[in-house]
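Trainee: I have a structure to go through. Could we take the labels one by one and ask what stands behind each?
Mentor: Yes. Put it up and we will start.

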Amino acid sequence: MTRINVTVDGVSNADDVEPRMLLVHYLREVVGKVGTVVGCDTSNCGACTVHLDGRSVKSCNVLAVQADGHEVTTIEGLASNGELHPMQAAFHENHALQCGYCTPGMIMQAVDLLRENPDPSEEEIRVGLEGNLCRCTGYHNIVKAVAAAAGTMSSERSNA
Ligand code: FES
Ligand code: FES
């Protein structure tokens with residue numbers, strides 16, 4: 001066992017884990033952040049995407065010990081003061097999900113996409129999300145939601 005210290009959604013955690021434990025399993029089984037889901041376990045689907053020090057990573061592709069001393073944000077840490085993050089609200093308003101299985105990872109990836117490119121074209125959104133698979137929606141409303149969130153977030157910035 002190896003002792004790791006990881007801040008998850010703003011809360012410090014000190015845990016003993018097997019060196020081979022994946023970050024996604026640490027988040028779900030040890031910290032209890034079950035909003036992050038496992039789709040493929042082979043870094044193909046993006047369902048397990050979280051932020052590691054603010055950058056999106058597929059958490060089935062990272063060992064828990066690699067997060068030692070770092071900050072992780074999951075879908076459960078995205079809302080603040082009881083208010084949905086603008087990306088979460090945009091997915092809701094644009095009906096950008098059906099079964100919802102891909103949604104946590106899709107939202108975390110989309111937030112990181114806007115961090116790098118606050119005003120992406122439709123094509124740039126599609127390219128930015130291509131590592132995240134959805135089996136339900138055909139992507140149209142997901143792309144619409146990300147564009148809508150980009151608009152909301154840019155007007156929030158100009159009003160700040
Ligand atoms: S579960 Fe991690 S990419 Fe599919
Ligand atoms: S909404 Fe079902 S997998 Fe995307």
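Mentor: From the N terminus on, the elements run β-β-α-β-β-β-α-α-α-α. That comes to five helices and five strands. Keep in mind that this is a predicted model.

Trainee: What makes the strands a sheet, and in which order do they lie?
Mentor: Pairing makes the sheet. In general, strands of a sheet pair through backbone hydrogen bonds, parallel or antiparallel. Here five strands form an open sheet in the order β2-β1-β5-β3-β4, with mixed pairing.

Trainee: Why are β2 and β4 called edge strands?
Mentor: Look at their sides. β2 (11–17) and β4 (55–58) each pair on one side only. From one strand to the next, the twist averages 40 degrees.

Trainee: How do you know that β1 and β5 pair?
Mentor: Count the bridges. Pairing needs at least two bridges between the strands. Two bridges join β1 (residues 2–8) to β5 (residues 71–73), so the pair meets the cut-off. These two strands run parallel. In β5, V72 stands opposite V8.

Trainee: Which strands does helix α1 lie across?
Mentor: Helix α1 (residues 23–31) lies across β1, β2, β3 (49–52) and β5. Its angle to β2 is about 105 degrees.

Trainee: And which strands does α3 lie across?
Mentor: Helix α3 (residues 103–116) lies across β3, β4 and β5, at about 40 degrees to β3.

Trainee: Why is α3 called oblique to α5?
Mentor: Start with the value. α3 and α5 (residues 140–159) pack at about 45 degrees, with their axes 11 Å apart. Roughly parallel needs an angle under 35 degrees, and roughly perpendicular runs from 65 to 115. The angle fits neither range, so α3 is oblique to α5. The crossing of α3 past α5 is right-handed.

Trainee: Which residues make that contact?
Mentor: From α3, M106, A110, L113 and L114. From α5, I142, V146, A149, A150 and M153.

Trainee: How many nonpolar, polar and charged residues has the contact of α3 with α5?
Mentor: Nine nonpolar, no polar and no charged. Ala, Val, Leu, Ile and Met are among those that count as nonpolar.

Trainee: How do you know that the chain agrees with a compact globule?
Mentor: Set its radius of gyration against the rule. With 160 residues, a compact globule would have a value near 15 Å. The chain has 16 Å, so it agrees. The C-alpha trace spans about 45 × 35 × 25 Å along its principal axes.

Terms used
Residues are numbered from 1 along each chain as its sequence is written. Chains are lettered from A and ligands numbered from 1 in the order in which they are written. This is a predicted model: local features need pLDDT of at least 70, side-chain atom pairs count only at pLDDT 80 or more; totals for chains, interfaces and linings use all residues. Side-chain values use heavy atoms; hydrogens and water are left out. Helices (H or I, at least four residues) and strands (E, at least two) are DSSP runs, numbered from the N terminus. Axes are lines fitted to C-alpha atoms, for helices over the stretch in contact, and angles run from 0 to 180 degrees between N-to-C directions. Contact means heavy atoms within 4.5 Å. Angles under 35 degrees count as roughly parallel, over 145 as roughly antiparallel, 65 to 115 as roughly perpendicular and the rest as oblique. A crossing is left-handed if the near helix is turned anticlockwise from the far one by less than a right angle, and right-handed if clockwise. The radius of gyration is taken over C-alpha atoms; the globule rule is 2.2 Å times the number of residues to the power 0.38.
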